[in-house]
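Me: Please take one part of this structure at a time, looking closely at the ring pairs and at the residues around them. I would like one connected answer that I can follow with the structure in front of me.

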Amino acid sequence: MSIAPIHVVGGGLAGSEAAWQIAEAGVPVILHEMRPARGTEAHKTEGLAELVCSNSFRSDDSSSNAVGQLHWEMRRLGSLIMAKGDAHQVPAGGALAVDRDGFSAAVTAALAAHPNVTIARGEVAGLPPADWDKVIVATGPLTSPALAEGLRALTGASELAFFDAIAPIVHFESIDMEVAWFQSRYDKAGPGGTGADYINCPLSRDQYEAFVDALLGAEKTEFKEWEGTPYFDGCLPIEVMAERGRETLRWGPMKPVGLTNRHNPTVKPHAVVQLRQDNALGTLFNMTGFQTKLKYAAQAAIFRMIPGLENAEFARLGGIHRNTYLNSPELLDAQLRLKADPRLRFAGQITGCEGYVESAAIGLLTGRLAAAERLGRPLGLPPATTALGALVNHITGGHIVTIDEGPRSFQPMNINFGLFPPIEGVATHGPDGKRLKGPAKSLARKQALTARAKVELDGWIGEASAQAAE
């Protein structure tokens, strides 16, 4: 009996990886790529898996780096993207960087040569046809207007973000709680809150003035020509607010009212930076109202001027840019299917992950899920303790709903250790018997997380193999 094909819309890294995984499972796949029939503002070629920005897949260290662990897991799962990345590697220290043209050509050639893959060039204008019973949409941040409009009509206009305003996100364990404290303004609980829902970092007048000076003097990034200028008053970059007057921030995201510093209750802060819990694990907190176009190096330096954040480790830095993505925790089920139309699965950046490797990883998973479903062998999700599982958990519900009127809480995210469930039993002393502190303590924790992830991934692979053999 012939097997009906699965359709994959989008020939970027996520779509290419999804198509490969489907084909390798023995299921026919039709990969739809609109280039060259219709171009985008960012792509230059018609090749599949074209790298439009950097040529780096970031750190390849799988012992103490979250993205390196994701590399390891993808290789273990037979990733086409990682195989061709390794084959076309160029020198980049501890990172995996690739020859972008050779890499794209190799991915294109591999898919074109696979007997289960058909590459269809042409735009899928609007929602996929109703007779396509299994579809993976992997169209990325440059989703065509017709398809984006179709998705908006299906999901509701408010469920797609086009100009994404992202505040920096900080690892909780790197915040100095001897300086900062938990409290909601006026101790108001709010929906789902407790009255102590924010971390507050106090600034004196001198510290505030120095902070504003640094914002005004810092180097900013510019919008790309095709992005336009999407500022609106509800989501202004903090540096733009500072340009409107030195006191603007104190009357906006840094207002000190309704708060009492429990470390120094008799001294009223001149300004306060608030951080709001960002994920259900409580490991990540975002800097409320701190969307910015500052360059990354400037962000890290300036935000570490804030008392309590001197040693902050950032899960991601802020930005404002064009980005089409779903409010995935609301719209997708645990298997990345659209609740409103389960024949549609989503992969890559449109789901709310960020980065080449993360996009390809979600493509890998959706390809495997769709193929297993087609073959009548439903596949369980990887454990949340793996890098792949942690990333999926973020996409489908690892965040928490905002407790205030600020921007929606779900934001695109790179893989980072803040997405992993906490781990117990991490070594507290080194081989010399001395207690681990600072970077050594952090390194031990990261190594424990990656070691656990490797064991858990191998267990998941074993379980999936056993189920397939039944």
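Reply: E243 counts as exposed in this predicted model, since its relative accessibility is 52% and the cut-off for exposed is over 50%. This residue belongs to helix α7, which covers residues 238-243. Although E243 and L215 are separated by 28 residues in sequence, their C-alpha atoms are 8.9 Å apart in space. R205 can be read in a similar way: its relative accessibility of 52% makes R205 exposed, and its place is in helix α6, made up of residues 205-217. Along the chain R205 and H270 are 65 residues apart, yet from C-alpha to C-alpha the distance is 5.3 Å.

Now to the ring pairs. A pair of aromatic rings is described by two values, the distance of the centres and the angle of the planes. Counting pairs whose centres lie within 6.5 Å, the model has nine aromatic pairs. One of them joins F172 and F182, whose ring centres are 6.2 Å apart and whose planes meet at 40°, so this pair is tilted. The word follows from the angle, because planes under 30 degrees apart would count as stacked and planes over 60 as edge-to-face. F172 sits in the loop between β9 (169-171) and β10 (181-182), while F182 is in strand β10, so the pair ties together parts that are 10 residues apart in sequence. Both rings belong to partly exposed residues, F172 with a relative accessibility of 27% and F182 with a relative accessible area of 35%.

A second pair is formed by F303 and F314, with ring centres 6.5 Å apart and planes at 55°, so this pair is tilted as well. Here F303 comes from helix α8 (residues 296-303) and F314 from strand β14 (residues 314-316), so a helix and a strand are tied together by residues 11 apart in sequence. F303 is buried, with a relative accessible area of 0%, and F314 is also buried, with 18%, which is below the cut-off because buried means under 20%. These two rings do not stand alone, for ring pairs link F303 and F314 with F211 and F290 into a cluster.

F172 also has a partner of another kind to follow on the screen. From its place in the loop between β9 and β10, the C-alpha atom of F172 is 7.4 Å from that of G282, although the two residues are 110 apart along the chain.

A ring can also have a charged side chain over its face, and W72 is an example: K454 lies over the face of W72, at 5.3 Å from the ring centre. K454 is itself buried, and it is part of helix α12, where the buried residues also include A444, L449, T450, R452, L457 and W460. Helix α12 runs over residues 438-469, and its length can be checked by a short calculation: at 1.5 Å a residue, its 32 residues should span 46 Å, and the end C-alpha atoms are 47 Å apart, which agrees.

Two other helices can be compared by their axes. Two packed helices are described by the angle between their axes and the distance between those axes. The axes of α3 (residues 80-87) and α4 (residues 100-113) come within 9 Å and cross at roughly 135°. That angle makes α3 oblique to α4, and their crossing is right-handed.

The last group of residues lies in and beside the loop between β2 (29-33) and β3 (56-59), where V52 has its place. V52 is partly exposed, with a relative accessible area of 33%, and its C-alpha atom is separated by 9.8 Å from that of G12, 40 residues away along the chain. A49 is found in the loop between β2 and β3 too, and its relative accessible area of 0% makes A49 buried. Its backbone deserves a look, since A49 has a positive phi of about 55° although it is not a glycine. R58, which lies in strand β3, also has a positive phi, near 70°, and is likewise a residue other than glycine. At 27% relative accessibility, however, R58 counts as partly exposed, whereas A49 is buried.

Notes
Residues numbered from 1 in each chain as written. Predicted model: local features only at pLDDT ≥ 70, side-chain atom pairs only at ≥ 80, totals over all residues. Heavy atoms only, no water. Helix = DSSP H or I, 4+ residues; strand = E, 2+ residues; numbered from the N terminus. Expected span 1.5 Å × (residues − 1). Buried < 20%, exposed > 50% of the residue type's maximum accessible area, 1.4 Å probe, protein only. Phe/Tyr/Trp six-rings, centres within 6.5 Å; stacked < 30°, edge-to-face > 60°. Lys NZ or Arg CZ within 6 Å of the ring centre and 35° of its normal. Axes fitted to C-alpha atoms, helices over the stretch in contact; angles between N-to-C directions. Parallel < 35°, antiparallel > 145°, perpendicular 65-115°, else oblique. Left-handed = near helix turned anticlockwise from the far one by under 90°.
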